[in-house]
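Me: I'm new to this structure and would like to learn how to read it. Could you take me through it step by step?

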Amino acid sequence: ADEPSCCIAHCPSNRVKSKSSAVRPARVLRTSEVLPARMSGHDPIGPEEMLAALGRLAELASADSIELQLRVVGGAVMMLEFKSRTVGTNDLDVLSASPSNNLQKYCSVIADERGWTRRWLNDSAAKFEREAKVPDNEDHEILRRPGLTLTRPSLTRMWAWKLDRFVGVDRTDALVLLRRILAKTPYDLESLWLQLEGHLPLGDNKEAYYNLQDLWEDLDSHHA
C-alpha cells in the first residue's frame with residue numbers, strides 16, 4: 001500500500017501544538033445525525049433485542065455443533081459492554097467471524113423471525129480493520145454462550161473507528177471511549193494523537209484530528 005501523503009503526527013506543519021490550533025467551525029447536528037438512521041426493514045435494535053438475537057444465533061450454531069467466534073465493534077459493544085447506548089443500533093458490526101460458512105444462513109433465519117433486514121449482522125467494518133496502519137491483537141470477551149463467543153478489539157481501535165465516522169451517536173460513543181482511555185492512562189492531547197494515529201486507515205487523517213480536538217474541548221468544558 002502507498003504511504004499517506006501526510007500523517008499529521010509526523011508532519012511538522014500539522015503537528016499538534018495546542019488545543020486551540022486548527023479548529024473547525026462548529027456545526028449544528030441534524031436530527032437524523034443524533035439517532036441511528038432507520039434501516040430499510042427495521043428500527044434501531046435495543047440491547048434486549050440484540051441479546052435475544054445473539055442468544056438465538058448461539059442456539060442455531062450450537063445445534064450444528066459449531067462454536068462461532070465473532071470479533072465486533074460499534075454500537076452493539078457500546079450497548080452490551082459499556083451500557084452507554086440508549087437509542088439502540090442498526091446492526092452488529094463484525095470485523096471477523098470463525099467459522100463463517102454457516103453464519104449467513106443463521107442471520108437470515110433470525111432476520112426472518114424478527115422482521116429485520118438480513119444485514120442486521122454485517123462485515124462492513126472489516127474494511128476499516130484491513131486499512132488500519134498497525135495490527136490490533138487485543139481480544140476482550142464481551143459475551144459467551146454455548147455456540148457463540150463475542151470479543152472486541154482494544155479501546156483505542158474502537159475509538160479510532162468512531163473518530164473516523166463521527167456522526168451523531170458515533171460522536172457520543174467516541175467521548176465515552178475517550179474517557180475510558182484517559183481513566184487508564186492520563187495522556188495529554190499530543191500523546192493521545194500519537195497513540196491513536198496508527199489505528200486509523202492509511203491516508204490523510206486531518207478530519208480525525210479535528211474530531212479529536214472537538215472531543216478534547218468537550219472534556220475541557222466539563223472540567224471547567
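Me: How much area does the chain expose, and what share of it do carbon and sulfur atoms supply?

Reply: Happy to start there. The chain exposes about 11400 Å², and 49% of that comes from carbon and sulfur atoms; accessible areas are found by the Shrake-Rupley method with a 1.4 Å probe, and for residues only the protein chains shown count as cover. Keep in mind that this is a predicted model, where local features need pLDDT of at least 70 and side-chain atom pairs count only at pLDDT 80 or more, while totals for chains, interfaces and linings use all residues. Residues are numbered from 1 along each chain as its sequence is written, and side-chain values use heavy atoms, with hydrogens and water left out.

Me: What share of the residues counts as buried?

Reply: "Buried" is under 20% relative accessible area, "exposed" is over 50%, and "partly exposed" lies in between (1.4 Å probe, protein chains only). Here 49% of the 224 residues of the chain count as buried.

Me: How many helices and strands does the chain have?

Reply: Helices (H or I, at least four residues) and strands (E, at least two) are DSSP runs, numbered from the N terminus. This chain has nine helices and five strands. Along the sequence, the pattern reads α-α-β-α-β-α-β-α-β-β-α-α-α-α. As for contacts (heavy atoms within 4.5 Å), take those between residues at least 6 apart in sequence: 76% of them join residues at least 24 apart.

Me: Which residues of helix 2 are buried, and which are exposed?

Reply: An α-helix has 3.6 residues a turn, so residues three or four places apart point the same way. In helix 2, the buried residues are Met 50, Ala 53, Leu 54, Leu 57, Ala 58, Leu 60 and Ala 61. They lie on the same side of helix 2 because they cover an arc of only 165° around the axis, the arc being that of the directions from the helix axis to the C-beta atoms. On the face turned away from this buried side sit the exposed residues Glu 48 and Ala 63. After helix 2 comes Ser 65, with a positive phi near 60°.

Me: What span should helix 4 have, and how far apart are its end C-alpha atoms?

Reply: The expected span is 1.5 Å times one less than the number of residues. For the twelve residues of helix 4 (residues 103-114) that gives 16 Å, and the end C-alpha atoms are 17 Å apart, which agrees. Leu 103, Tyr 106, Cys 107, Ser 108, Ile 110 and Ala 111 are buried in helix 4. The partners that its buried residues pack against are helix 2 (47-63), strand 1 (68-73), strand 2 (92-98) and strand 3 (121-122).

Me: How many salt bridges does the whole structure hold?

Reply: Side chains of opposite charge can pair when their charged atoms come close. A salt bridge is a side-chain nitrogen of Lys or Arg within 4 Å of a carboxyl oxygen of Asp or Glu, and a search of the whole structure finds 18. One of them joins Glu 59 and Arg 56 (3.4 Å, N to O); both lie in helix 2, three residues apart, about one turn of the helix.

Me: Is Asp 170 buried or exposed?

Reply: Asp 170 is buried, with a relative accessible area of 7%. Its side chain meets that of Lys 162 in a salt bridge (2.8 Å, N to O), and Lys 162 is buried too. Asp 170 also forms a salt bridge with Arg 165 (3.4 Å, N to O), and Arg 165 is partly exposed at 41% relative accessibility.
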